[in-house]
Amino acid sequence: MDQEGARLGAATENSRIIPMASVIRAVVITVSDACSRGERQDKSGESLVELLIEVGAEIVETKIVSDDLEPLAEQLRVLAGRGDINLIITTGGTGLGPRDNTPEATLRVIEREAPGLVEAMRMETLKNTPMSMISRGVCGICSATLIINLPGSPKAGREGFAVIKPVLGHAVALLGGDTHHAAQ
Amino acid sequence: MDQEGARLGAATENSRIIPMASVIRAVVITVSDACSRGERQDKSGESLVELLIEVGAEIVETKIVSDDLEPLAEQLRVLAGRGDINLIITTGGTGLGPRDNTPEATLRVIEREAPGLVEAMRMETLKNTPMSMISRGVCGICSATLIINLPGSPKAGREGFAVIKPVLGHAVALLGGDTHHAAQ
Amino acid sequence: MDQEGARLGAATENSRIIPMASVIRAVVITVSDACSRGERQDKSGESLVELLIEVGAEIVETKIVSDDLEPLAEQLRVLAGRGDINLIITTGGTGLGPRDNTPEATLRVIEREAPGLVEAMRMETLKNTPMSMISRGVCGICSATLIINLPGSPKAGREGFAVIKPVLGHAVALLGGDTHHAAQ
């Protein structure tokens, strides 16, 4: 399978960086009508894949989907339930527009919310631009998989990722039942 | 109609300030048992009307209502559904008291939450007073209308408005389906 | 009764510090599988009891419970409904692990959320450690009792308490229907 190949390839490449127990096995989902129709290049998704690889994550899969709510929720549900993924990062669909459905799709599937990550993204990037406060991204856990909504622009996505980057490895380790809570 | 007159009057006065596409057409609702019974002057509502006019908003209507939950929810629902309003700002009823029902009334009518605006208000005004953390205000979208809960005191209302002021025009433009996401 | 004795004892000791109207009558609940089985000392709970006494609170009761969700929710419901308590502080169970159920237990019993206190805890302690953003603690009101989730580590608990400490007395006074909103 392509997905399996990508995963193993990434594992081979990155397995020396962080211990196996806390390896981030990530899917990046670009949520954008324009990108899904091929009308715009998916720079945000590509940028997040690069940033995840830099922190030692395996990229299990990448997806580009439209802003439709129910198909996105179903996509998140299926991916979180697979068992070989512990992080799903979405980019796009977090604004105030009528087609911005990513937070609602995420809320439909998560069993437990983890608001601190998106709060921190908004509050830290507020130092760069007041526009960060209109991002409606949510974060939570579905089937031991952490789902985090990042904004859609490549710049806002990179800035948001920089905020959550220091805790991703630890977060993923905790999901798996590692109860050593470190400094938290 | 009085409402129509007020709207057109404000439009004539302010239409040069911001482009028509993103004109803020606002209702200010003061939620206060004391003000609704005429026992206290509505300084918060008056102050917010002034601040909105300063940023070029049309004031479509102002209302003073009691802290009763269900009538307030119904009021918000009707106003958001009218189609000629894109912003409802409430002041009051966001505290911890038994009659502070504004967040619950708002949560009943919004289809999508936009937590970043109230988070930013609380976190920025926390620099002035720790009391900002007990404001329970919420923000969200109902029928393409943004509803924002501001605290009840004139000072806290003004300070909260100053935080969200830079994004109001852009937020209202996005609600209407303008998908150009600027720096967000 | 032991509980009554503890309450009266604390009242005698602390009643000179803050006026009767806003006396904090608190229960501290340590949520920890290990502590509830006696495998670990409850340093967090002990530390919070000390900090509460320092601000003049009466400690009505302390409890150590497991991470089981439904029993914890029932415990919170019963305590909030008793009428002689206006503050419940929990410590533990706010992380991302499969047994971290405290926020969900709290969400099941609160009638109204007060997100500002936990937002402020996360954002202020973010200056000390990025790990603060993975705390999922919630805060809200059940039967005129404020319930606040603090993290489980003694250090994070103390740091979180320091953030909310300035508003606890005022918050508890408001719960009781004191509608004088001070600077809020």
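The exercises below, each with a worked solution, concern a predicted model.

**Exercise 1. The surroundings of B:Asp68**

Task: Place B:Asp68 in chain B, classify its accessibility, and find which side chains it joins by polar contacts.

Solution:
1. Start with the secondary structure. B:Asp68 sits in a loop of chain B, with strand E2 (58-65) on one side and helix H4 (69-81) on the other.
2. Turn to accessibility. Buried requires under 20% and exposed over 50%. The relative accessibility of B:Asp68 is 32%, so the residue counts as partly exposed.
3. List the contacts, leaving out residues up to four places away in sequence. B:Asp68 then touches B:Arg99 and B:Asn101.
4. Look for polar contacts between side chains. B:Asp68 has one of 3.0 Å with B:Arg99 and one of 3.1 Å with B:Ser66.
5. Add a backbone distance. B:Asp33 is 35 residues from B:Asp68 along the chain, and their C-alpha atoms are separated by 8.3 Å.

**Exercise 2. Cysteines**

Task: Determine how many disulfides the structure holds, and decide whether A:Cys35 and B:Cys139 are buried or exposed.

Solution:
1. Recall the bond in question. A disulfide covalently links the sulfur atoms of two cysteines.
2. Count over all chains. The structure holds 0 disulfides.
3. Check one case. For B:Cys139, the nearest cysteine sulfur belongs to B:Cys142 and is 12 Å away. The cut-off for a disulfide is 2.5 Å, and B:Cys139 is in no disulfide.
4. Assess burial against the limit of under 20%. B:Cys139 has a relative accessible area of 0% and is therefore buried. A:Cys35, at 10%, is buried because its value also falls under that limit.

**Exercise 3. The interface of chain C and chain B**

Task: Describe the contact between chain C and chain B by residues, area and polar interactions, then break down the side of chain C.

Solution:
1. Count the residues. Chain C gives 24 residues to the contact and chain B gives 20.
2. State the area. About 1900 Å² is buried between the two chains, and carbon and sulfur atoms give 68% of this.
3. Find the salt bridges. The interface has 1. B:Arg122 forms a salt bridge with C:Glu119, with the closest N and O atoms 2.9 Å apart.
4. Count polar contacts. Between chain C and chain B there are 5 residue pairs, both residues at pLDDT 80 or more.
5. Assign the side of chain C to elements. Strand E4 (112-113), helix H6 (115-125) and helix H7 (154-175) each give two or more residues. The largest share, 8 residues, comes from H7(C).
6. Sort that side of chain C by class. It has 15 nonpolar, 5 polar and 4 charged residues.

Conventions:
Residues are numbered from 1 along each chain as its sequence is written. Chains are lettered from A and ligands numbered from 1 in the order in which they are written. This is a predicted model: local features need pLDDT of at least 70, side-chain atom pairs count only at pLDDT 80 or more; totals for chains, interfaces and linings use all residues. Side-chain values use heavy atoms; hydrogens and water are left out. Helices (H or I, at least four residues) and strands (E, at least two) are DSSP runs, numbered from the N terminus. Buried means under 20% relative accessible area, exposed over 50%, partly exposed in between (1.4 Å probe, protein chains only). Contact means heavy atoms within 4.5 Å. A polar contact is a pair of N or O atoms within 3.5 Å; within protein, one must be able to donate a hydrogen and the other to accept it, and residues adjacent in sequence count only if both atoms are side-chain atoms. Buried area is the accessible area (1.4 Å probe) that two parts lose on being put together, summed over both. A salt bridge is a side-chain nitrogen of Lys or Arg within 4 Å of a carboxyl oxygen of Asp or Glu. Ala, Val, Leu, Ile, Met, Phe, Trp, Tyr, Cys and Pro count as nonpolar, Asp, Glu, Lys and Arg as charged, and the others, Gly among them, as polar.
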